[in-house]
Amino acid sequence: MKRVHRFYSDNLFLRATSVISTDVVREMCTIQKAAPLATMALGRAVTGAILMAAQLRDKQVVALHFRGNGPLGSIYAEASYEGECRGWCDHPEAAVPFKNGRIDVAAGLGIGLLNVIRSQPFEKAPHIGTVELATSEIGDDIAYYLHQSHQTPSVIALGAVLNTDGQVEVAGGVLIELMPGASDAIISELEASVRTAKPLAEMLSNGCNPIELLTNFVGTIPMNPSEHPFDIKYTCRCSLDRAERSINMLGRDEIKEIVSLGVASNVRCDFCGRSYSISLERLREMLTQFDVMN
Ligand SMILES: [Zn+2]
C-alpha cells in the first residue's frame, strides 16, 4: 500500500502510476501545520509529484512549484524515483470560502505559473518547464504541463479526503499517460471508462487500493504491473552543514549582528520542520572566516 504501483498496457500505448499516499501527506501536513485548504492543495501536489517521479529513472527528482497569486502563495512538492518526497506551502494557514460545499483549492492558489523542475544526479543544471496554471486545481495543471511540454495527453486524478477535524483521512491518486502512437480505439476506450468512473474521493473513502484506483479509470483495458520496489516516505535532505551554509549566505554584517545578540541562532527547515542550532562559538568562527577572506 505504501508503494507507487506502475502499470503499462499490452501494446505499451498507455502507462500509469497509482498510489495511496495517506501517510506521507499526513506527515507533511502535520509538519507544515496545514489548515484544510493547504492540506488539500499540498496533498494533491505531493501525490502528483510521486506519480510523475515513478516514471523517471534512478535518482531522478521531479519538483512541482505552483506559483499562484492566491492566499496560499507558492506550493512546492518534490519526489524522487525512489519514492522520497517532501513539500511546503507559503501560507499553510490560509483559508477561502467553500465552493459548492467543497474546499476551493483553485481560489486558494489563484492564477499564476507552474514550474516543473526535473533533476538528474549527473547533470549540473536541472531541466525547468513552465506553463500557466490551467484551472489551479493542481491535477489539471499537471495534465496541462504534460500536454504542453511533453505532448502527452493524460488522465490525472489527485485527492485527499479530510476528517471533521480537517486532517487527512486518506489521500491518493492516479496518472494515466497516452504514449505516442496510441490508437484512436484505445483513446476512445479510455475516454469512455473515465466518463463512467466513480469520483476519486468516493473511491478513496471506500478504502480502495492502488489497483482498484487504476481499474476505476481504465475500465476493462488490460494493464500489466511493472516492478517498482520502493516505499514512499517523507524525506528531507537538510543537514547542519546546509543550515550553516544558509546562515553564511546572509553575509558578514548580518552574522555580526546575530553574534551581537549573544544567543545561538536557530535555522528551521521548511520541509521537515527540523531545527538546527548554530552555536555562538560557531557563528564567531564564521565571522573570522569572513575576515580572513577579506
Ligand atoms: Zn529538512
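## The six-stranded sheet

Let's start with an open sheet of six strands, in which the pairing is mixed and the order is 7-6-3-4-5-11. Strand 7 (127-132) and strand 11 (233-234) form its edges, each pairing on one side only. Keep in mind as you browse that this is a predicted model.

Strand 6 (residues 112-119) and strand 7 run antiparallel and are joined by six bridges. If you would like a specific pair to look up, L114 has V131 in strand 7 as its bridge partner.

## Helix 2 and the nonpolar core

Helix 2 packs on this sheet, where it touches strand 3 (61-68), strand 4 (74-80) and strand 5 (84-89). The direction of helix 2 makes about 30° with that of strand 4. With 18 residues (36-53), helix 2 reaches 25 Å from its first C-alpha to its last, close to the 26 Å expected at 1.5 Å a residue. How enclosed is helix 2 by the rest of the structure? Largely so, because 18 of its 18 residues are buried.

The largest nonpolar core has 74 residues, and those touching the most other members are A41, L42, A45, V46, A49, I50 and I75. Helix 2 gives the largest share of this core, with twelve residues. L42 is a good place to zoom in: leaving aside residues up to four places away in sequence, L42 touches M28, C29, Q32, A34, I75, A77, G87 and C89.

## The five-stranded sheet

There is also an open sheet of five strands, ordered 8-9-2-1-10 and paired antiparallel. Its edges are strand 8 (154-162) and strand 10 (223-226); each has a single partner strand, so one side of each is left without a neighbour in the sheet. From one strand to the next, the twist averages 15°.

Within this sheet, seven bridges link strand 2 (residues 14-20) with strand 9 (residues 168-178), and the two run antiparallel. Here T17 stands opposite L175 in strand 9.

## Helices lying across the strands

Which strands does helix 4 (residues 139-150) lie across in the six-stranded sheet? They are strand 3, strand 6 and strand 7, with helix 4 running at about 115° to strand 7. Helix 4 also lies across strand 8 and strand 9, at about 160° to strand 8.

Helix 7 (residues 210-218) lies across strand 1 (5-9), strand 2, strand 8, strand 9 and strand 10. The angle between helix 7 and strand 2 is about 135°.

## Domains

Zooming out, the protein is divided into domain 1 (5-234) and domain 2 (240-293). Taken over C-alpha atoms, the centres of domain 1 and domain 2 are separated by 37 Å.

Terms used. Residues numbered from 1 in each chain as written. Predicted model: local features only at pLDDT ≥ 70, side-chain atom pairs only at ≥ 80, totals over all residues. Helix = DSSP H or I, 4+ residues; strand = E, 2+ residues; numbered from the N terminus. Expected span 1.5 Å × (residues − 1). Buried ≥ 20, exposed ≤ 12 C-beta atoms within 10 Å, placed from the backbone. Domains from an automatic or database assignment. Pairing = 2+ DSSP bridges. Contact = placed C-beta atoms within 7 Å. Axes fitted to C-alpha atoms, helices over the stretch in contact; angles between N-to-C directions. Core = buried A, V, L, I, M, F, W, Y, C linked by C-beta atoms within 7 Å.
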